[in-house]
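Welcome, and thanks for taking a look at this one. Below is a short tour that goes from the overall layout down to individual side chains.

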Amino acid sequence: MEEHYNPVDVEPKWQKYWNKNHTFKVKEDKSKEKYYLLEMFPYPSGKIHMGHVRNYTIGDVVVRYKKMQGFNVIHPMGWDAFGMPAENAAIDNNTHPAAWTYENISAMRYQLKKMGFSYDWDREIATCRPEYYKWEQWLFLKMLEKDMAYRKESYVNWCEKCQTVLANEQVESDKCWRCSENVQQKKLWQWFFKITDYAEDLLAHCNKLPGWPDKVMRMQKNWIGKSSGSEVKFKIDGSDSNNDQDSDKNITVFTTRPDTLFGSTFMCLAPEHPLVEKLSRGTSQEKQVDEFVNKVSTQERSAEGIENCEKEGVFIGAYCINPANNEKIPIYTANFALMEYGTGAVMSVPAHDQRDFEFAKKYDLNIRVVIMPEDESLDIDNMTCAYSGRGVLVNSGEFNGLENTQAIDDITAWLENQDRGKKTINFRLRDWGISRQRYWGTPIPVIHCPDCGIVPVPEKDLPVTLPEGVDLLAKGGSPLATLDSFVNVDCPKCKREDAKRDTDTMDTFVESSWYFLRYCSPRYENGMFDPETVDYWMPVDQYIGGIEHAVMHLLYSRYFMRVLNTFGMVKFKEPFTKLLTQGMVCKETLTCPEHGFVFPEESEIKSDGQVLCTKCNAPVEVGRVIKMSKSKKNVINPNDLLEKYGADVTRLFCLFAAPPERDLEWNDDGVEGCNRFINRVWRLVGKYQDFLSDVKPYSESASKLSKNAKALYIKANQTIKKVTDDIEDNFHFNTAISSVMELVNALYAMEAVERELDFLDDEMKQVITFCVENILILLSPIVPHFSEELWERCGRKSSIINHPWPEYHTDALQTDEVIIVVQVNGKLRSKFTTDINSDDEAIKNTALSDKNVLKYTSGKHIRKIIVIRKKQTLVNIVV
RNA sequence: GCCGAAGUGGUGGAAUUGGUAGACACGCUAGACUUAGGAUCUAGUACCGCGAGGUGUGGAGGUUCAAGUCCUCUCUUCGGUACCA
């Protein structure tokens, strides 16, 4: 047998074998229990990165493990193929997004195949193919018909110089990433999905997904953000009637703190609020308001940007009336008031809200305390921050003296009586804006007719395919709008000849919200999916992907299943029964003063530890450890690992380096250790190869064995239990692997004692065969090529993946002796071994007479002796 | 800012129904074998201290016979933050 494991020969051999034997092809089989394992499909950026390798290795191990347990396992793979990078690459390299994408797909498919992953490649899909997005368009039309999709005006980032819409990612500190022009906010008509219709249901089911990590549920709950509070109407000063419902005469606010209503001394409106312009017009503040609104429109629109920028506002020249005390209070417009949340208006209570407090101090506005805590007396002159805790109402008319928690209900009821307010529920969740003014996405299948308005494209005309010959840098918004042959169309309804196609495409999160259904019947031509296959395979039993998708992608997918459920197309609401969110693969960034971010291979480490850029020899700054990403160039190319060590060592390392849910900080050392372990097993098998084929593995009771054989046999059974438990318990492969390493070490240690193989008696040979066989089986999901090869070399006939997962012998888990740990006052002072059946009294006595213990106990009064028999047996003597 | 995590030797990590902190590896040190070693095998390796012993799980308090694990506060880093996917 060769001295080393040689992946170059072995890995392709077994990949061909699995391929030839259709090992991972599956179809529906009602006689078997199904198992759907899904990994988040990749965006075809060009190269598989370490995050993918990690994600897909974890999934692959589970697939092989479940298959060995007898499940009918489906394991599909595909491509999340629409998206911005293709368009950017096309602009930068003068290619077509489709050509770029398909090239990347073949390169990445080739890499995945080299990793030996167990995909049923017959089910491969790419979302940019018309056969896929046709059905997305079909669903869009169905949602449009049921009023689940609608249009409204909303803002986008706009670069005036490039005449184009920018993604948040393309805005760098309020400037365009291409030309550094100031970004503005531009109002456009855009399509939305009414996800808010399902807010309550999505929230309720957060508590019914035991297979999901708590943290993800918590994040989703907070994202949906249900809060109960009150709507309160503030009459605009100067408008005539109290009861007038006209929105011109009232400002409606949403507040969770109606108990502080008497303390509301000013009002803040979102800069986009329609009343801002209306009320400021003709006042002396008009100019300042315009300037402020313009300024805000150049500030970043992301929540992050809004919250981090300085809180500013301007008086709009109008007042409204606080309905609690009929006080006239000024109306401001402020950059922190969000049109999307609540009603776009905030009643500001500076004494009891920190943001309002700072705002009031800045603009010298009135502050009034209305909640008095029990243990101190608030005085506005001495307050340095707002008080948001509990207390008793003051300065609140008839409500003075009431507990504020009670006042929440009482004041709301009082407002309700006067028709000035009501109890209400508000969600933070907003409807899902799906319009994108981009080329490389699913075209929105509607036609705008001057007479008929919005007309859906007839089903027979689907898909609306992406046209060729579009200028991606064309000015003015959607690239599709520049192509007359695409835009100009007859109205399907009235046949008018000057109708126009919608030129927006859909958010790529739409494709990823249902791709797992398409895998069930990927070539189905009569609908999104064949219902029978979906009935069999769905829901996904185990979903695996990055924690960065904890909210959006997963929430959108849950929403889509509810839509399909409402349409009667699927029987379930939750797409993913169990979820594993793997941590990210991270690495430090390298920045060259000349060349910006540089790849690790573009830098070199000098002996003095300095890192230099290979292009210009300038010292490179070693930055923070962050998620590996192409844009930051802090990536490791898995190809290099594959070439040097092969797929199995790469896989082993990904699993051994950290538990899956934890971030993995990349470190080049460590791979070497995995390689060493693989070869250690290789040599172990080589050593015993002469009898492994002929000797049957030991299978009888442990008690019949002699001492050394018994110890080994127990270790092997413990290893089977440990590996099985570690996989079942959240896929902790790192500890599973280390327990196999321990068994391998035990075999080496035994071999060192009984140096000559001739000394091995039949009993020992049987136990060794048992150990080796199980080492290979336990490792086979992790290092499948390697295990198959050695399995074959041990004379085993059938492929190892057809071998059932091993079971341990319960009578062979425990050794006869246990170690007793003795503490004095909680500090470890001594240890001794004793028979497992010793009683507490005997253990106490041995502990007390131990000479190491006596050092600490002699001459002292023993107050208490505690004996614990759990994982460890422990005695704690309290003196 | 908000929401969610993470923090343990020189390094990755192990140990959470509270019960020996550092399993298993990497790295390092020494030895063996070898023509050779970036192969392999063996031994050692948390820190301080000559030693007895003491200290130690980001930091500060607390509960307990016993705390990495539970409680309070706090610092740092990472992810998401609705047009990156």
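## Domains and overall layout

The centres of domain 1 and domain 3, taken over C-alpha atoms, are 39 Å apart. These are two of the parts into which chain A is divided: domain 1 (141-194 + 432-506), domain 2 (226-427), domain 3 (589-665), domain 4 (673-812) and domain 5 (817-878). The bounds come from an automatic or database domain assignment.

A few words on conventions will help. This is a predicted model, in which local features need pLDDT of at least 70 and side-chain atom pairs count only at pLDDT 80 or more, while totals for chains, interfaces and linings use all residues. Residues are numbered from 1 along each chain as its sequence is written, chains are lettered from A and ligands numbered from 1 in the order in which they are written, and side-chain values use heavy atoms, with hydrogens and water left out.

## Chain A in numbers

Chain A has 25 helices and 37 strands; these are DSSP runs numbered from the N terminus, with helices being H or I of at least four residues and strands E of at least two. Along the principal axes, the C-alpha atoms of chain A fill a box of roughly 105 × 85 × 65 Å. Of its 879 residues, 53% count as buried. Here buried means under 20% relative accessible area, exposed means over 50%, and partly exposed is in between, with a 1.4 Å probe and protein chains only.

Two C-alpha pairs give a feel for the distances. Isoleucine 236 and leucine 790 are 554 residues apart along the chain, and their C-alpha atoms are separated by 83 Å. For lysine 844 and glycine 78, 766 residues apart along the chain, the separation is 63 Å.

## Around RNA strand B

How many residues surround RNA strand B? There are 74, and the closest are Asp80, Arg218, Arg438, Arg624 and Asn876. Sugar and phosphate make up 69% of the strand's atoms that come within 4 Å of the protein. A residue counts as near the strand if one of its heavy atoms lies within 4 Å of it. The residues of this surface divide into 26 nonpolar, 22 polar and 26 charged, where Ala, Val, Leu, Ile, Met, Phe, Trp, Tyr, Cys and Pro count as nonpolar, Asp, Glu, Lys and Arg as charged, and the others, Gly among them, as polar. Helix α21 (residues 733-753) contributes the largest share, seven residues.

Some individual contacts are worth displaying. The side chain of glutamine 190 has an N or O atom 3.2 Å from a base nitrogen of RNA strand B. Phosphate oxygens of the strand are also approached: a polar side-chain atom of lysine 827 lies 3.4 Å from one, and an N or O atom in the side chain of arginine 829 is 3.3 Å from one.

## Helix α5

Helix α5 (residues 130-145) has 16 residues, which at 1.5 Å a residue should span 22 Å, and its end C-alpha atoms are indeed 22 Å apart. The expected span is 1.5 Å times one less than the number of residues. Several α5 residues are buried, including Tyr132, Trp135, Trp138, Phe140 and Leu144. After the helix comes aspartate 147, whose phi is positive, near 60 degrees.

## Aromatic pairs

The whole structure holds 48 aromatic pairs. Rings of Phe, Tyr and Trp (its six-membered ring) pair if their centres lie within 6.5 Å, and planes under 30 degrees apart count as stacked, over 60 as edge-to-face and the rest as tilted. Phenylalanine 140 and phenylalanine 193 form a tilted pair, because their ring centres are 6.1 Å apart and their planes are at 50 degrees. This pair links distant parts of the chain, with phenylalanine 140 in helix α5 and phenylalanine 193 in strand β9 (residues 183-193), 53 residues apart. Both phenylalanines, 140 and 193, are buried.

Tyrosine 559 and phenylalanine 560 form an edge-to-face pair, 6.0 Å centre to centre with 65 degrees between the planes. Tyrosine 559 is buried at 0% relative accessibility, and phenylalanine 560 is buried at 1%. Both pairs belong to one aromatic cluster, made up of Phe140, Trp191, Phe193, Tyr198, Trp432, Phe509, Tyr556, Tyr559 and Phe560.

Technical notes: A polar contact is a pair of N or O atoms within 3.5 Å; within protein, one must be able to donate a hydrogen and the other to accept it, and residues adjacent in sequence count only if both atoms are side-chain atoms.
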